[in-house]
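Trainee: I'm new to this one. Could you walk me through how to read it?
Mentor: Sure, let's have a look together.

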There are 2 protein chains.
Amino acid sequence: MLELAILGFLHDEPLHGYELRKRIAALTGHVRPIADGTLYPAIKRLERAGLLGRDLQPGTLAAPRHVLTLSPAGRGELLRRLREPEELFLTDENRWFTLLAFLRHLRDPAEQATVLRRRLTFLTQPASFFWDGDRPLRAADFDDPFRQGLFTIATATSRAEIRWLRDTLALLESDG
Amino acid sequence: MLELAILGFLHDEPLHGYELRKRIAALTGHVRPIADGTLYPAIKRLERAGLLGRDLQPGTLAAPRHVLTLSPAGRGELLRRLREPEELFLTDENRWFTLLAFLRHLRDPAEQATVLRRRLTFLTQPASFFWDGDRPLRAADFDDPFRQGLFTIATATSRAEIRWLRDTLALLESDG
DNA sequence: CCAATATAGCTTGCCATCGATATATATCGA
DNA sequence: TCGATATATATCGATGGCAAGCTATATTGG
């Protein structure tokens, strides 16, 4: 998730670590903050893998900046991760939202549509929590108000997203 | 998250690991599967901390079962975690949903309401991603359809949950 | 009778993340 | 001038999660 965000932000423009830190905080930090001790090792990891380049810049404001650039291999890796996301990126909301934030980088509408279709398949497939064997559960089937809420919220959420997915898929198909 | 789920399920009744594994899978496995290599060490951890007891039962179907029981200390710890959840449990959906699934164990409506109010505060507080400095963003402010979607879905989701939170808070307050 | 599957539990090695801590520089207000 | 804050990067130890593999037994279907 973090690596995807790093690659995704750097696809737009080179950034130094501190700026990257702020952008990531603005994107997902509200929900799940990223510690410094997570970000910098992640940058090193991507750098060692040849996905990032680094240029030293004398500090304009404070300590010297390390400007990070996405290498061609990095761009390829980003597109690969967007095109063929692992299952977790389709089921876990945090990861899925991160992916969605950068899906525009995948220029081909057909490829974008393929990813959205996989998410749609996941969302329209029944969640085990909401089934009692073969019988679909309703909010009234839960005796406590909190599980009722869980159900109500999950249903509303998934309905809103399914609607958006269908609309957007129609749009992408009419484009391509 | 996993530890909360273990303690939460065992509050209802003693269970052996395999059954626990299935219940957790039914609750959150759809979105985020739990590996065996994660569950069993977590059980040991809680056991070592004195939160769980263990009784050997000759296998009724296969290998002998280790029936796990919530100790008084374990019950205390569960209630503490429900009553005073860490920030991450209020912001991260996965964790929040897990917490919600067991919030009924906190018997006092006033305490339950306090937790819901903290979530409401988080949800009604503006997310940095959706603000440009002081200006709130609208879906039309995003140029690509995927970030538009992100915004649309997040808004719909949060609206549905806020409505439920307000309704349920009213209910809890009228009860207590 | 044999293979597959379900039940049942556990370990090991690897890797990612977190919290704490360290180091420096520039700016701004008291 | 001193402390606070913002900018900027990095390391380290502990923890926790994951994939893979291991060991059993009982049932079911071919």
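Trainee: How do the residues of the surface near DNA strand D divide into nonpolar, polar and charged?
Mentor: First, this is a predicted model, where local features need pLDDT of at least 70, side-chain atom pairs count only at pLDDT 80 or more, and totals for chains, interfaces and linings use all residues. Residues are numbered from 1 along each chain as written, chains are lettered from A and ligands numbered from 1 in written order, and side-chain values use heavy atoms, leaving out hydrogens and water. A residue is near a strand if one of its heavy atoms lies within 4 Å of it. Here there are 11 nonpolar, six polar and five charged residues; Ala, Val, Leu, Ile, Met, Phe, Trp, Tyr, Cys and Pro count as nonpolar, Asp, Glu, Lys and Arg as charged, and the others, Gly among them, as polar.

Trainee: Which residues are closest to DNA strand D?
Mentor: Of the 22 surrounding residues, the closest are A:Tyr18, A:Arg65, A:His66, B:Thr38 and B:Leu61. Sugar and phosphate make up 67% of the strand D atoms that come within 4 Å of the protein.

Trainee: And how do I read an aromatic pair?
Mentor: You describe it by the distance of the centres and the angle of the planes. Rings of Phe, Tyr and Trp (its six-membered ring) pair if their centres lie within 6.5 Å; planes under 30 degrees apart are stacked, over 60 edge-to-face, the rest tilted. The whole structure has four such pairs over all chains. A:Phe142 and A:Phe151 have centres 5.7 Å apart and planes at 45°, so they are tilted.
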